[in-house]
Amino acid sequence: QVQLVESGGGLVQAGGSLRLSCAASGRSLSGYAMGWFRQAPGKEREFVADSWSGGTTYYADSVKGRFTISRDNAKNTIFLQMNGLKPEDTAVYYCAASRVPTHQRSRYDYWGQGTQVTVSS
């Protein structure tokens with residue numbers, strides 16, 4: 001079992017930055033694909049970014065160039081640095097872990113409880 005706990009969400013003005021953290025316990029994250037997803041009110045949960053165990057990273061087109069995913073395997077933590085935030089980035093952000101490299105939400109095995117990010121215009 002892997003337990004994931006997100007932190008770092010909050011209220012920020014458009015153009016601002018936030019850094020989300022996701023701390024894992026139970027198992028080492030080094031062999032897992034780690035992803036960030038988000039869900040806005042009335043919308044489905046969508047892929048934001050992921051980092052596979054070999055170091056490859058992927059981003060949704062909507063965040064490419066603004067968000068950066070990173071991982072610190074020694075601290076069993078992943079991060080999402082969000083710059084140039086826009087009101088449309090407002091959502092609950094979730095981190096997730098998968099035993100296989102994937103971008104598909106349905107293939108992620110473990111999920112955190114989410115952290116709210118609100119971007120005001």
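The legends below describe several views of one predicted protein model, moving from the whole chain to selected side chains.

Because the model is predicted, local features need pLDDT of at least 70 and side-chain atom pairs count only at pLDDT 80 or more, whereas totals for chains, interfaces and linings use all residues. Residues are numbered from 1 along each chain as its sequence is written, and side-chain values use heavy atoms, with hydrogens and water left out.

**View 1. The whole protein chain, with 0 helices and 11 strands.** Helices (H or I, at least four residues) and strands (E, at least two) are DSSP runs, numbered from the N terminus, and from that end the elements follow the order β-β-β-β-β-β-β-β-β-β-β. The C-alpha atoms occupy a box of roughly 40 × 25 × 25 Å along the principal axes. The radius of gyration, taken over C-alpha atoms, is 13 Å, which agrees with the value near 14 Å for a compact globule of 121 residues; the globule rule is 2.2 Å times the number of residues to the power 0.38. Of the 121 residues, 42% are buried, where buried means under 20% relative accessible area, exposed over 50%, and partly exposed in between (1.4 Å probe, protein chains only). Among contacts with a separation of 6 or more, 58% join residues 24 or more positions apart, a contact being heavy atoms within 4.5 Å.

**View 2. The largest nonpolar core, with 33 residues.** Such a core is a set of buried Ala, Val, Leu, Ile, Met, Phe, Trp, Tyr and Cys residues joined through side-chain atoms within 4.5 Å. The residues with the most contacts inside this core are Leu4, Trp36, Val48, Phe67, Leu80, Met82 and Tyr93. Two or more residues come from each of strand 3 (18-25), strand 4 (33-39), strand 5 (46-51), strand 7 (67-72), strand 8 (77-82), strand 9 (91-98) and strand 11 (115-120), and strand 9 gives the most, with 5 residues. In soluble globular proteins, nonpolar side chains tend to be buried together.

**View 3. Tyr93 and the residues that it touches.** When residues up to four places away in sequence are not counted, Tyr93 touches Trp36, Val48, Phe67, Leu80 and Met82, among others. The list for Tyr93 also includes Glu6, Leu20, Phe37, Arg38, Gly114, Thr115 and Val117.

**View 4. The disulfide between Cys22 and Cys95.** A disulfide is a pair of cysteine sulfur atoms within 2.5 Å, and a search of the whole structure finds 1. The sulfur atoms of Cys22 and Cys95 are 1.9 Å apart, and the torsion about their S-S bond is about 50 degrees, so the disulfide is right-handed. Because Cys22 lies in strand 3 and Cys95 in strand 9, the pair ties together parts that are 73 residues apart in sequence. Cys22 is buried at 0% relative accessibility, and Cys95 is likewise buried, with a relative accessible area of 0%.

**View 5. The surroundings of Thr115, a residue of strand 11.** With 10% relative accessibility, Thr115 counts as buried. A polar atom of the Thr115 side chain lies 3.2 Å from the backbone nitrogen of Gly9. Leaving aside neighbours within four places in sequence, Thr115 is in contact with Glu6, Ser7, Gly8, Gly9, Leu20, Ala91, Val92 and Tyr93.

**View 6. A network of salt bridges that links Arg38, Glu46, Arg66 and Asp89.** A salt bridge is a side-chain nitrogen of Lys or Arg within 4 Å of a carboxyl oxygen of Asp or Glu, and by this rule the structure has 5 of them. Side chains of opposite charge can pair when their charged atoms come close. Arg38 meets Glu46 at 2.7 Å, N to O, and Arg38 also meets Asp89 at 2.9 Å, N to O. Asp89 lies in the loop between strand 8 and strand 9 and Arg38 in strand 4, so the pair ties together parts that are 51 residues apart in sequence. Arg38 is buried at 6% and Asp89 is buried at 1%, while Glu46, at 36% relative accessibility, is partly exposed.

**View 7. The salt bridge between Asp61 and Lys64.** The side chains of Asp61 and Lys64 meet at 3.1 Å, N to O. Asp61 counts as exposed, at 66% relative accessibility, whereas Lys64, at 49%, counts as partly exposed.

How values were computed
Polar contact = N/O pair within 3.5 Å; in protein donor to acceptor, adjacent residues only side chain to side chain.
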